[in-house]
Amino acid sequence: MAMRPARAYHGTIMTRLTRLLAAGLLLTASASPPASAKVAFTGYGNFVMPADSYFKVRGPAAVLGTTPQGNLISKGFRLDAVGLFATTKVSEDADFLMDLTFRNIGNTVGQTRIQYAYLDTALPWWELRAQLGRVNLPFNFYNSRRFYPFQRIEISAPIFVNAVLGLPIADAGAVVSRRFEAANGWGLDARAYAVNGYGSLGGSTTTLRSPSLPGGIALSGNLGSSNNNKDVAFGGQLAVSRAGEGDFGVSYYRGAWDRENRRVLQLAGAHMYWSPGDFDLLTEYLHIHATGDEGMQQSVRSTSWSTHGFFATASHPLFSARAKEVVGYARFENYHTGRASGGSGKEVLRSYTGGLHYPVNDAIAVKAEGVYLFYAIPTATQTIIIDGRLLQASVVITF
Amino acid sequence: MIRAPSLMAAVFLALAPPVSAAKIALVLLDREQAGAASARAAPGVSVLAFDQVRTGDPIEKGRFLAALQASDRVISATGGKACGWLARETDGVPIHCVIPYDARQVLDFARSAGWKRVAVVHMEGYEQVFARMSKHARARGIELASVRVERIRELPEAVPRALKTAQAIWILGDPLLTEGPGFEYLVEAALARKIPLLGPGANLVARGAFLGADSDPAAMVKHAVEVANAAAGGAEPDDSDVETKGGTLTFNKVLARRWGVRIPGEVR
């Protein structure tokens, strides 16, 4: 009974919000000159070829679900993603941007996502900019600037943040930002946001994550199309940066993830991107703290758990071929999840990745990569362990 | 929570854009040039720096193209390669590319060298530029012969025929002709026949051309801003607006000595 008033209240607010947002967008569109109706379409395709994939999967059948157990060996071809970006100017200093991404592509498309869709505009006060709509959260560096395959030199994104936290972290809400310029192109970027935030795992009101495959261990599916409680999640980022040289910052997120607003998820991050000359280094630290998560209780012996971990990616040109540089890269990541007060029962993820990146031209890049992964998460009866290697190649095409 | 929608509506209300008579996008090569131009740009002129766009990133490219597509006209002072990219990627927006050298300087030298007929190699789309150059050439008693190709694979058929009667060969400017196999073929064809190859940019001289013409970048930016400001006021740029005045000619002294071509003392 306690949930009914909350749902009713939430429904009323969302209806008002939707109406006002629609009215606002209509107002903006009507204030725009006719030339603004032109839309620029660009896009990309990512074609991946796992040449040699060998993983050992062990764990209790009850939690592995449809994931087969034993030695998994595979080869093949996969069109990982095709994305279309639509961009249009809606006023002198305002753009509307949208990304429509197709994944799991076969005869039919397994997944169609609007990755982001927002109005990006200058505000008339204090040199502020705002993004309104489904926005990428300014959390660490990778999420907003390395997520797409054409933005990064690696084939795969760091596994924990991509598969467990879920990249890109995009949600309905607003981001307000301002850059404070300093000397020699350096400046401080301050960003604050309010979004619906992470909710509970589908079909449950008390589970944020659960040690079940596939999907349960990931938070990525917990960002829904509407808020699941009466409060918004908020956060921000402070970063010192200079274009092409470096970006150093800290990020924060906080929001209740259950309908009663009693269970809280907090994310804290720090990133360092440094690119002196041809060398390129990106490292990100991530801390997750969740309370009231009954899904993880059997794994970490507590409903309150936390994750600590980082990844670091370094790259440097190795040699030239046909006047283009072949860039080599290496990445390491290490994440541990346990109960917030410490103790036994830990989720562990470690991976080592290395590869080569070759830009054929502005529009085509060829990559090759090797990955070693070790993942373990305790369950009530037995630990799920995934351990193996992957060799793969990819071609990224932009247009 | 109740106040948030009102704030959002206020934000949208505050967005009412100033509408100008003509919206002009002025594209310059780099951020430094764009910064200098912004200070002199008239209302209605948006100054964009080409080097700030990673053309292989569809998100950045989309935002850049959206800004161009929302303009009534694009003035580009970026040189041939970037201007070619702009022409390929935009649709329905008139693009005026400022020629990155003063063709009259080249023709003045051709007259002083005693050349009467010069073969001009150009890609499809350069017809108006060629017509303008022909007018300048005729005024100096020089005949320009057009060698127009749609693809670089047409060069081996078109160029030898033109070189039978020409005393020099001139590349008007296009990355397909100034870089890669297109340029390699032209420079080989010219050197084999001991015919001077002329083109845009001093860098061509180091790769075997006889003459490379460059603009004065500051003067070119100043000129482009003037053209953009006039266009924002409603003036339509004509052919003379896209011509650069002044600049530098760079000669290949080794070839000049071997072929006995006199280099004017006032240029290097």
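Two residues count as being in contact when their C-beta atoms, placed from the backbone, lie within 7 Å. Keep that in mind as we walk through this predicted model, starting with chain A. Take the contacts in chain A with a separation of 6 or more: 59% of them are between residues 24 or more positions apart.

What is chain A built from? Its secondary structure comes to 5 helices and 17 strands. Of its 399 residues, 38% count as buried. For a closer look, pick helix α4 of chain A, which covers residues 159-166. Buried residues here include A:Phe160, A:Val161 and A:Ala163, along with A:Val164 and A:Leu165. And what do the buried residues of α4(A) pack against? Their partners are helix α3 (142-145) and the strands β12 (280-290), β13 (305-321), β14 (324-339) and β15 (347-359), which belong to chain A too.

Now hop over to chain B. Here 6 strands make an open sheet, and reading across you meet β6-β5-β7-β8-β9-β10, with mixed pairing. Which strands sit at the edges? Those are β6 (143-149) and β10 (248-251) of chain B, each pairing on one side only. On average, neighbouring strands of this sheet are turned by 20 degrees against each other, ignoring direction.

In general, strands of a sheet pair through backbone hydrogen bonds, either parallel or antiparallel. For an antiparallel case, look at β9 (residues 211-214) of chain B, joined to β10(B) by 4 bridges. One pair to find is B:Gly212 and its bridge partner in β10(B), B:Thr250.

Finally, turn to the other edge strand, β6(B). Helix α6 of chain B (residues 127-138) lies across β5 (117-123) and β6 of that chain, running at about 165 degrees to β6(B).

How values were computed:
Residues numbered from 1 in each chain as written. Chains lettered and ligands numbered in written order. Predicted model: local features only at pLDDT ≥ 70, side-chain atom pairs only at ≥ 80, totals over all residues. Pairing = 2+ DSSP bridges. Helix = DSSP H or I, 4+ residues; strand = E, 2+ residues; numbered from the N terminus. Axes fitted to C-alpha atoms, helices over the stretch in contact; angles between N-to-C directions. Buried ≥ 20, exposed ≤ 12 C-beta atoms within 10 Å, placed from the backbone.
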